[in-house]
Amino acid sequence: MIDSPHELPAAWATQRLDVRDATPADAAALTDIFNACAYVEPWDPTFHPVDRAELDRVIKRSLDGDEHANFRLQVLRALPDGAPIGYFHLFHGAPQPEVCWISMFVMQPEFQGQKLAGEVVDALAEQLAQAGYRAIWLHVYLRNWPALRFWTQHGFTTIVTYDGDKVMAEEAQARLRLERPLRD
């Protein structure tokens, strides 16, 4: 067991993408990317439209550090031109010291289905395993079948918890906390 896992590097790359910490200059592009995914809101209520001020706050939180856990927002940029095509944010060491929590993962719709997100998730898992983490956790809403399929195809196959409405209804929601183990 490693005493204290480390954070992700501020910049790293996959075969086709550059991944780096977000800066205030990224806020407008990240707002546009998130809002382009608002079609998911009926399946996942976290995808309500947002304004730039919300992304400004999230980027500031990432740059300033988080008082409870090490929060990080990283931008996905297509190589070779560097245009932002997505982002993710996560907490290092939360909710447990050797676990990272992906709290959001967003890919611009025109880049979905090109295996770029999977490339990032697999490289992220490698980075976090090398940093000393034992697992990655995330939530996925059960109505968001494309996301559920994506995450389970990328190793998030252990159900940690289930929470949701107790009665089936049109507006009812339920989600799973899934885990991708990083070590044996």
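Is arginine 16 buried, partly exposed or exposed? At 34% relative accessibility, arginine 16 counts as partly exposed. That value comes from a predicted model, and so does everything else you'll read here. Let's start with the partner of this residue and work our way to the pocket.

**Salt bridges**

Here's the basic idea: side chains of opposite charge can pair when their charged atoms come close. A search through the whole structure turns up ten salt bridges. Three of them are set out here, with the N to O distance for each pair.

| Acidic residue | Basic residue | N to O distance |
|---|---|---|
| glutamate 119 | arginine 16 | 2.7 Å |
| glutamate 7 | arginine 72 | 3.1 Å |
| aspartate 163 | arginine 175 | 3.1 Å |

Take glutamate 119 and arginine 16, whose closest N and O atoms are 2.7 Å apart. Glutamate 119 lies in helix α3 (residues 116-130) and arginine 16 in the loop between β1 and β2 (17-21), so this pair ties together parts that are 103 residues apart in sequence. Glutamate 119 has a relative accessible area of 16% and is buried, whereas arginine 16 is partly exposed.

Next come arginine 72 and glutamate 7, whose side chains also meet in a salt bridge. You'll find arginine 72 in strand β3 (residues 70-78) and glutamate 7 in the segment before β1 (11-13), so the pair ties together parts that are 65 residues apart in sequence. Arginine 72 counts as buried at 9% relative accessibility, while glutamate 7 is partly exposed at 38%. These two have company, too: Glu7, Asp21 and Arg72 are linked in a network of salt bridges.

Last in the table are aspartate 163 and arginine 175, which meet in a salt bridge as well. Aspartate 163 sits in strand β7 (residues 158-164) and arginine 175 in strand β8 (residues 174-181), twelve residues apart. Aspartate 163 is partly exposed, with 34% relative accessibility, and arginine 175 is partly exposed too, with a relative accessible area of 23%.

**Aromatic rings**

Now for the rings. How many aromatic pairs does a search of the whole structure find? There are eight. In one of them, phenylalanine 88 and phenylalanine 105 have ring centres 6.1 Å apart and planes at 10 degrees, so this pair is stacked. It links distant parts of the chain, with phenylalanine 88 in strand β4 (residues 84-92) and phenylalanine 105 in strand β5 (residues 99-107), 17 residues apart. Both phenylalanines are buried.

Phenylalanine 150 and tryptophan 151 are arranged another way: their ring centres are 4.9 Å apart and their planes stand at 80 degrees, so the pair is edge-to-face. Tryptophan 151 is buried, at 8% relative accessible area. Put these four residues together with Phe156 and you have one aromatic cluster.

A ring can also have a charge over it, as phenylalanine 71 shows: the charged end of arginine 61 sits over its ring, 4.7 Å from the centre.

**The largest pocket**

Finally, look for the largest pocket, which holds about 1,100 Å³ of space. It is lined by 45 residues, and those closest to its centre are Phe47, Phe105, Val106, Ala147 and Trp151. Phe105 and Trp151 should ring a bell, since both belong to the aromatic cluster. The elements giving two or more residues to the lining are α2 (52-64), β4, β5, α3, β6 (135-141) and α4 (145-153). Strand β5 supplies the largest share, seven residues. By type, the lining divides into 27 nonpolar, twelve polar and six charged residues.

Definitions and conventions
Residues numbered from 1 in each chain as written. Predicted model: local features only at pLDDT ≥ 70, side-chain atom pairs only at ≥ 80, totals over all residues. Heavy atoms only, no water. Phe/Tyr/Trp six-rings, centres within 6.5 Å; stacked < 30°, edge-to-face > 60°. Helix = DSSP H or I, 4+ residues; strand = E, 2+ residues; numbered from the N terminus. Buried < 20%, exposed > 50% of the residue type's maximum accessible area, 1.4 Å probe, protein only. Lys NZ or Arg CZ within 6 Å of the ring centre and 35° of its normal. Salt bridge = Lys/Arg side-chain N within 4 Å of Asp/Glu carboxyl O. 1 Å grid on protein atoms, 1.4 Å probe; cavity = no way out; pocket = protein on both sides within 12 Å on 5 of 7 lines; lining within 4 Å. Points joined across faces, edges and corners; volume = space filled by probe spheres on them. Nonpolar A, V, L, I, M, F, W, Y, C, P; charged D, E, K, R; others polar.
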